Amino acid sequence: LCWWTTREERTFRNWMNSLGVNPHVHHLYADLQDALVILQLYEKIKVPVDWSNKVNKPPYPKLGANMKKLENCNYAVELGKTKANFSLVGIGGQDLNDGNPTLTLALVWQLMRRYTLNVLEGLGDGQKVNDDIIVSWVNKTLSQAGKSTKISSFKDKEISSSLAVLDLIDAIQPGCVNYDLVKRGSLSDEDKLDNMFCPVLTTKLTVFTAILHHNI
């Protein structure tokens, strides 16, 4: 469990940093405890943030510093519930401020997923994205890059090997996949996990990998 969580956290952290959040995220939970990074991520998914009236910015006062951070966290949860329409049942600002791993990840995952879906909407010329549009784009991109892999749906067993996902990443940004580390042929469950976490020499594309694997 810890082995998987470490990689999951790294994916979230890399995604945040690839978007240019400030400050840079080094420690996923500790660096989100004043919610400033989370609020920047809301803007990335087109949720307006009232920086002038609702957000406390550093340097925080020596007395009451944590209260200022907690107010930011409460605002971040409020935005998630009222503006982003996230499912945040049982999650409060105190959980973010405390650095609760499970509840913090629950919010961050929804932020990353919404960001990805917004990006993918461009594939449908602004229309709401659906599985057919994504699958069509994936196969077209693979074919144009001369890749032999393809998928029929998100339930396609081909995805579980990660070969189509890695080929897609390499098609988008050639040379970023280290194919020397990719397992092929008859794959064991361990081989599939190795492929799933194959080093990719870019951070912005890790979000697509995470979304596709989540649908396996």
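This report walks through helix packing, salt bridges and some unusual backbone spots in a predicted model.

## Helix α2, a well-covered helix

Let's start with α2, which runs over residues 36–44. This helix is mostly covered, with seven of its nine residues buried. The buried ones are L36, V37, I38, L39, Q40, L41 and Y42.

Just past the end of α2, the backbone does something worth a look: K46 has a positive phi of about 70°. We'll come back to positive phi values further down.

## How α2 sits against α5

Two packed helices are described by the angle between their axes and the distance between the axes. So what are those two values for α2 and α5? Their axes come within 9 Å and cross at roughly 25°. Angles under 35 degrees count as roughly parallel, so α2 and α5 are roughly parallel to each other. As for handedness, α2 passes α5 in a left-handed crossing.

Which residues do the touching? On the α2 side you'll find I38, L41, Y42 and K44, and they meet L107, L111 and Y115 of α5. Sorted by class, the contact of α2 with α5 has six nonpolar residues, one charged residue and no polar ones. If you want to find α5 in the structure, look for residues 101–121.

## How α2 sits against α3

Now for the packing of α2 with α3, a helix that covers residues 65–82. Here the axes are 9 Å apart and the angle is about 25°. That angle is under the 35-degree cut-off, so α2 and α3 are also roughly parallel to each other. Their crossing is left-handed.

From α2, the contact uses L36, I38, L39 and Y42. From α3, it uses N72, Y75, A76, L79 and G80. By class, that makes seven nonpolar residues, two polar ones and no charged ones in the contact of α2 with α3. Try picking out I38 and Y42 in the 3D view: both appear in the contact with α5, and both appear in the contact with α3.

## Two salt bridges

Side chains of opposite charge can pair when their charged atoms come close. How many salt bridges does a search of the whole structure find? It finds two.

One of them joins the side chains of D170 and K147, with 2.9 Å from N to O. This pair links distant parts of the chain, since the partners are 23 residues apart. D170 belongs to helix α7 (residues 163–172), while K147 is in the loop between α6 (131–144) and α7. Are the partners buried or exposed? D170 has 10% relative accessibility, so D170 counts as buried. K147 comes in at 21%, which means K147 counts as partly exposed.

The other salt bridge pairs D191 with K183, and the closest N and O atoms are 3.5 Å apart. K183 has 31% relative accessibility, so K183 counts as partly exposed.

## T141 in helix α6

T141 lies in helix α6. At 13% relative accessibility, T141 counts as buried. What does T141 touch, leaving out residues up to four places away in sequence? The answer is L168, A171 and I172. L168 and its two companions have numbers that fall in α7, which spans residues 163–172.

## Unusual backbone spots

Most residues other than glycine have a negative phi, and most peptide bonds are trans. This model has some exceptions to look for. The peptide bond from N22 to P23 is cis, with omega near 10°, and P23 lies in the loop between α1 (2–18) and α2. Another cis peptide bond joins P58 and P59, with omega about 5°. P59 is in the loop between α2 and α3.

Then there are positive phi values. N85 isn't a glycine, yet its phi is about 60°. You'll find N85 in the loop between α3 and α4 (93–98). S162 has a phi near 70° and is in the loop between α6 and α7. Which of these is buried and which exposed? N85, at 59% relative accessibility, counts as exposed, whereas S162, at 0%, counts as buried.

How values were computed. Residues numbered from 1 in each chain as written. Predicted model: local features only at pLDDT ≥ 70, side-chain atom pairs only at ≥ 80, totals over all residues. Heavy atoms only, no water. Salt bridge = Lys/Arg side-chain N within 4 Å of Asp/Glu carboxyl O. Helix = DSSP H or I, 4+ residues; strand = E, 2+ residues; numbered from the N terminus. Buried < 20%, exposed > 50% of the residue type's maximum accessible area, 1.4 Å probe, protein only. Axes fitted to C-alpha atoms, helices over the stretch in contact; angles between N-to-C directions. Parallel < 35°, antiparallel > 145°, perpendicular 65-115°, else oblique. Left-handed = near helix turned anticlockwise from the far one by under 90°. Contact = heavy atoms within 4.5 Å. Nonpolar A, V, L, I, M, F, W, Y, C, P; charged D, E, K, R; others polar.
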